[in-house]
Amino acid sequence: MLCRLSVRWLQPRPALQLRGLGPPVASAPTGGAKPSALPLWAVASVSAVGPSGAGGWYESLATSAPVQGAEDVLLFAHTASGLPWWGSILLTTVALRGAVTLPLAAYQHYILAKVENLQPEIKNIARHLNQEVAVRANQLGWSKRAARLTYLKTVRRLVSELYVRDNCHPFKATVLVWIQLPMWIFMSVALRNFSTGATHSEGFSVQEQLATGGVLWFPDLTALDSTWILPVSIGVINLLIVEIFALQKIGMSRFQTYITYFVRAVSVLMIPIAATVPSSLVLYWLCSSFMGLAQNLLLRSPRFRQLCRIPLTKSDSDTPYKDLFAAFYAKFITPRK
């Protein structure tokens, strides 16, 4: 499974002609260019995948307009800032998360807060409706099944009317996922394209620039992180995000519990996956996860929530960070008796 995932990320792509940046240049190194840092097993496996085979859908994605747009954004950030590629990747990630996902996350919390504030009214309606349906069922001789169906249908209609009245349908809270996930995919594929051979405006391969555009223990952004520091850091940060979510939820439903365990498993699975892709992708994933963690913590701030006009709810706390630390300490540090 991991091999197939790695092959798709590392699959060689034909030379990319960037819009307005001259003719395509072959991605294969010539002369003294640095050879590919990808593992031989990956290169051998990828070479066997034809355009009409398992890699066909991925090639369509890699050459799609959204991915090309992501490539343009990365190139613009690199050219305009003058930063090395590791800095350009961090700058682009912070800018996108701050300008796109943070407002959407604030909107998500706004919708969820309004939905939470509706719960007492919904419970009150459900209680009175249950009594009315029971009376009508006795008067008209309804069966238990007919009474139950009437109750559920009426409750759904009344709750929908409340959502329309307050303009807070829960589906609106999912807009963050529908924007953030595709953006993450397009940026990842764009960096994969660069790491396997795209063309820079000056005629130099972006792959060659990435090969010397790293920092610290990963100077080559086209190579794998043999130390596993970046992959493990991604897993740790993603697990922290999951635990922060779990700690602020009291009395989770069975479905929420299953989802929490699933996301934990995905967070752990991302570690070996990140160890099989170029460091440029892993650096982007790490920065994106770190921004996600910071975003989650920021949205717990009462002042920031007030600034975003997020309604107060019964579950809000005046000392969210103190409460979070206390819950974390009680769950993971205090020895269980």
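This report describes the helices, salt bridges and surface of one protein chain.

The model is predicted. The protein chain contains 13 helices and zero strands, so read from the N terminus its elements are α throughout, α-α-α-α-α-α-α-α-α-α-α-α-α. Of its 337 residues, 39% are buried. Among contacts with a separation of 6 or more, 76% join residues that lie 24 or more positions apart. The accessible surface of the chain is about 19200 Å², and carbon and sulfur atoms account for 66% of that surface.

**Helix α6**

Helix α6 covers residues 144–166, which is 23 residues. At 1.5 Å a residue the helix should span 33 Å, and its end C-alpha atoms are 33 Å apart, so the expected and computed values agree. Some residues of α6 are buried: Ala147, Tyr151, Thr154, Val155, Val159, Leu162 and Tyr163. These buried residues pack against α5, which covers residues 85–140. After α6 comes Asn167, which has a positive phi near 55°.

**Salt bridges**

Side chains of opposite charge can pair when their charged atoms come close. The structure holds five salt bridges. Three of them are described here, beginning with the pair of Arg165 and Glu121, whose N to O distance is 3.1 Å. Arg165 belongs to helix α6 and Glu121 to helix α5, and the two residues are 44 residues apart, so this pair links distant parts of the chain. Arg165 also forms a salt bridge with Asp166, where the closest N and O atoms are 2.9 Å apart.

Another salt bridge joins the side chains of Arg264 and Glu243, at 2.7 Å from N to O. Arg264 is in helix α10 (residues 254–274) and Glu243 is in helix α9, so the pair ties together parts of the chain that are 21 residues apart in sequence. Elsewhere, Glu121, Arg165 and Asp166 form one network through salt bridges that share partners.

How far the residues of these pairs are covered is listed below.

| Residue | Relative accessible area | Class |
|---|---|---|
| Arg165 | 48% | partly exposed |
| Glu121 | 32% | partly exposed |
| Asp166 | 22% | partly exposed |
| Arg264 | 19% | buried |
| Glu243 | 10% | buried |

A residue counts as buried when its relative accessible area is under 20%. Arg264, at 19%, is therefore classed as buried, while Asp166, at 22%, is classed as partly exposed.

**Cysteines**

A search of the whole structure finds zero disulfides. Cys168 has a relative accessible area of 0% and is therefore buried. Cys308 is partly exposed, because its relative accessible area is 26%.

**A nonpolar patch on the surface**

Trp228, Val232, Val236, Leu240, Phe325, Phe328, Tyr329, Phe332 and Ile333 make a nonpolar surface patch of about 820 Å². Two elements give two or more residues to this patch, namely α9 (229–247) and α13 (320–333). The largest share comes from α13, with five residues. Val232, one of the patch residues, is found in helix α9. Its relative accessibility is 37%, so Val232 counts as partly exposed.

Helix α9 therefore appears in two places in this report, because Glu243 of the salt bridge with Arg264 lies in that helix and α9 also gives residues to the nonpolar patch.

Conventions: Residues numbered from 1 in each chain as written. Predicted model: local features only at pLDDT ≥ 70, side-chain atom pairs only at ≥ 80, totals over all residues. Heavy atoms only, no water. Patch = residues over 30% accessible without salt bridge, like charges linked within 9 Å, V, L, I, M, F, W, Y side chains within 5 Å. Areas by Shrake-Rupley, 256 points an atom, 1.4 Å probe, with all protein chains shown as cover. Salt bridge = Lys/Arg side-chain N within 4 Å of Asp/Glu carboxyl O. Helix = DSSP H or I, 4+ residues; strand = E, 2+ residues; numbered from the N terminus. Buried < 20%, exposed > 50% of the residue type's maximum accessible area, 1.4 Å probe, protein only. Expected span 1.5 Å × (residues − 1). Contact = heavy atoms within 4.5 Å. Disulfide = S-S within 2.5 Å.
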